[in-house]
Every structure is written in C-alpha cells, then in structure tokens.
Amino acid sequence: MLKEGFIRNTIDFIRKEFNTSEFIPLHEPIFNGNEKKYITECIDSTFVSSVGKFVDEFEIKLAEFIGVKKAIVCVNGTNSLHLGLELVGVKANDEVLTQPLTFIATTNAITYANAIPVFIDVDKDTMGLSPKSLQLFLDENGEMRNGECYNKTSGKRIKACMPMHTFGHACRIDEIAEICSNYNIDIVEDAAEALGSYYKGKHLGSFGKIGAISFNGNKIMTTGGGGVLVTDDEELAKRAKHLSTQAKVPHAWEYRHDEIGYNYRMPNINAALGLAQLEQMPKFIERKRELANKYCEFFENSPVKFFNDADNETSNYWLNAVLFDNFEERNLFLEKTNNSGVMTRPIWQLVSTMPMFSNCQKTDLSNATWLEERVVNIPSSVK
Ligand SMILES: *Cc1c(COP(=O)(O)O)cnc(C)c1O
C-alpha cells in the first residue's frame, strides 16, 4: 500500500522544484520573450486578423522547426485535426481508426468530418495506439476492394487512422505507418501535445500524410488558441489554406468561392504571440527535460513508475506522468496532492465509454483501461 510519507515527500519535492508555497498548476504558460513587442507591433499595424506578416513568418518558422515543407496555422488544434481529415478525403460515413485513450478533441474532430471512430487499443509503455492491436483489428475486419480498405463487419470504408502521441511521448508511429500503408489507410497524426518531440530523430506529426499540433494555453507553447497543420505535400498544403479561408478564390475584390470551406485561419495577433513563443522553444524543451530528469531521479525506487523517454524517442515532456499500482493508490494520491494545492490530474476517461461514442466498434481495450485506472499527471510548467 502507498505510504502517506511517500505522498508527503512527493509534495515537498514538487514544492521545492517550483519554489513556492502557493498553488501549483499542472501547466501554465510563460511570456518572457518578444511576446509584448510583437503583439504591440501587430496592433500598431492594424493587421490583427486573418492576414498579416506574423502569420506568414510564423508558418515559415514552424515548418523549419518541425522539419516539414509546409505549415498552415489554424484557429485551434481541434479544427486542424478536422481539416486534416477532410484533406485526406475522409467523407461522411467513412471510418477512422483511433485510440480511446485521448483528449476528447481527437474523436470530436472525426465526428466533425461526419466520420465514425473505431477504437483500437494502446500500448502500455507508450500510452499511444498499439500497432499490434491495429494489425489484429485489420486482420479480422479489413478487406481490400479496388485498392481501398473496407470494414467487413460494418461494411464501411476505413479511410484514415488518427494515432495520438500522449503527453508528448511518441507512439510506435513507424510501425503504424507501415501497417496503414499496406491497407491504403491515410494517417492524420494527432501531434497536438508533441511540439518538440521526436521519434528516431524525426519530429512527431511529420510521419503521416498530414499532422496537427495545438497551441492551446496549456500546451508547451501557446498562441492563446491555435493549431497548425504540417505536411510535406505542397498540393495538400495549398488546399489546406484554401479550405481554411472559406474556400475563397483569390481575387482583388470579388467574392468567389468554389466549395464549402471554413473560417479556420489563425489571426495575425495570435501568430505574433506564437512567433515570440516559438523563439523560446529550445529553452522550453531544455527546461522541461531538466525537470523530467529530476522527477525521474526522484521516482526511482519509489512505489510509482515515471514515464521516461522510451527507446528511439526524445520527448518534449509536455505533461509528466506517473503510473500507480492500482486505482485506489491513484485516487489517494490525487486527493492528497490536490488538497494541498499541488495540482495533479488523472489521465482521460476512455472516450469509448462516453455516451456519444459508446456504440462505436472497438477492439479489446485492456491496455487503455489498465492505464486509465493508474496514470496521473504531475505539475510540468516550464520554470
Ligand atoms: C489539446 C489537444 C487537442 C486539441 O487542441 P485545441 O487547440 O485545444 O483545440 C487535440 N488532441 C489532443 C490529444 C490534445 O491534447
């Protein structure tokens, strides 16, 4: 059984690391760079809305940082994911394979595309989509017809797969990509939490046909609200920009639109904030990895397991996570830490158990359920 002393020591350790006796949040943004300067410049220019130099510069710098050809910034991560699905050709009633252990946005985005999620189990060590479970599902349900994958059980087309990199840790994305390519299933990577995370030296979000990253206020860097689509496909990038700006055909004064688009473009003022934050990313990552190393040392030989870098990955350690032996110990820890002003939070409730998605097809979800009962996030802000 978890000793109260261990919980007390953990609280003391976290308080010492964050050097405060006040409330410690899970993740808060910091603005110590050019944020105010760029935002003031943006306001002075009057170009605060959907076009402007900060949008252009932010997109170029993001593409460079991530190592992709194109980056298209959007209003948030959720609509980036939605657009990503439409861009690869997901249509109404198609199925999208995803993981049940994720933030609700992943599954909501699938629904916005009028597609149906199918839940595949995760791996215990990565907390991300399991290639083994994916292969098993496709062995049993997948059937190729005219070069496209169909689900024998539902009769529907399986058009895409949306794996997610949990807390900035990589799932086995190369194995997933190989399986999906055998079935002609496109990958739209939910790398919302993974800016600055790498798998085999390649930035997460750049493995699929298209990837999405979030800049929400609680992520590793923020634009207030925002997201980005990343891709190496220039045509797809062009279409992304088109669809995200109401599908407006460029013209100096006429309103011409050639399909149904969205108002998903990131405003210039958010991009100004983003550009200033992006400049500090190397420092943010360095500090986050330092904190993670300290946590790792602290939790060595303790009753909980700290989620460290796995083989082949370099994590941004967006949210540090620990694994408890069981549900009761997890709950005791959550209660004691939150009651003493140190914010901790359990991993998400499985989306597949929520009323809106409980009727969707799913594989055996033992690993996801096992993690749901045991994983807790601990304070992770950049200091
Ligand atoms: C944050 C997040 C999103 C959505 O991003 P928003 O910018 O908040 O819309 C999507 N998926 C995951 C896994 C996330 O953590």
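## Two sheets and a ligand site

In this predicted model, strand E8 (residues 198–199) pairs with E9 in the antiparallel sense, and two bridges link them. Within that pairing, tyrosine 199 sits opposite lysine 202 of E9. Both strands belong to an open, antiparallel sheet of three strands, ordered E9-E8-E13. Its edges are strand E9 (202–203) and strand E13 (313–314), each of which pairs on one side only.

There is also an open sheet of four strands, with antiparallel pairing and the order E12-E14-E16-E15. Here strand E12 (305–306) and strand E15 (345–346) are at the edges; each has a single partner strand, so one side of each is left without a neighbour in the sheet. E12 is joined by two bridges to strand E14 (residues 320–323), and the two run antiparallel. Where does phenylalanine 306 find its bridge partner in E14? That partner is valine 322. Helix H11 (residues 327–339) lies across E15 and strand E16 (375–378), at about 20° to E16.

Now to the ligand. There are 16 residues around it, and those that come nearest are Gly77, Thr78, Glu193, Ser214 and Lys219. Three side chains place a polar atom at these distances from an oxygen atom of the ligand:

| Side chain | Distance to a ligand oxygen atom |
|---|---|
| Threonine 78 | 2.5 Å |
| Glutamate 193 | 2.5 Å |
| Serine 214 | 2.7 Å |

How much of the ligand's accessible area does the protein cover? On its own the ligand has 380 Å² of accessible area, and the protein covers 93% of that.

Key. Residues are numbered from 1 along each chain as its sequence is written. This is a predicted model: local features need pLDDT of at least 70, side-chain atom pairs count only at pLDDT 80 or more; totals for chains, interfaces and linings use all residues. Side-chain values use heavy atoms; hydrogens and water are left out. Two strands pair if DSSP finds at least two bridges between them. Contact means heavy atoms within 4.5 Å. Axes are lines fitted to C-alpha atoms, for helices over the stretch in contact, and angles run from 0 to 180 degrees between N-to-C directions. A residue is near a molecule or strand if one of its heavy atoms lies within 4 Å of it. A polar contact is a pair of N or O atoms within 3.5 Å; within protein, one must be able to donate a hydrogen and the other to accept it, and residues adjacent in sequence count only if both atoms are side-chain atoms. Accessible areas come from the Shrake-Rupley method with a 1.4 Å probe; for residues, only the protein chains shown count as cover.
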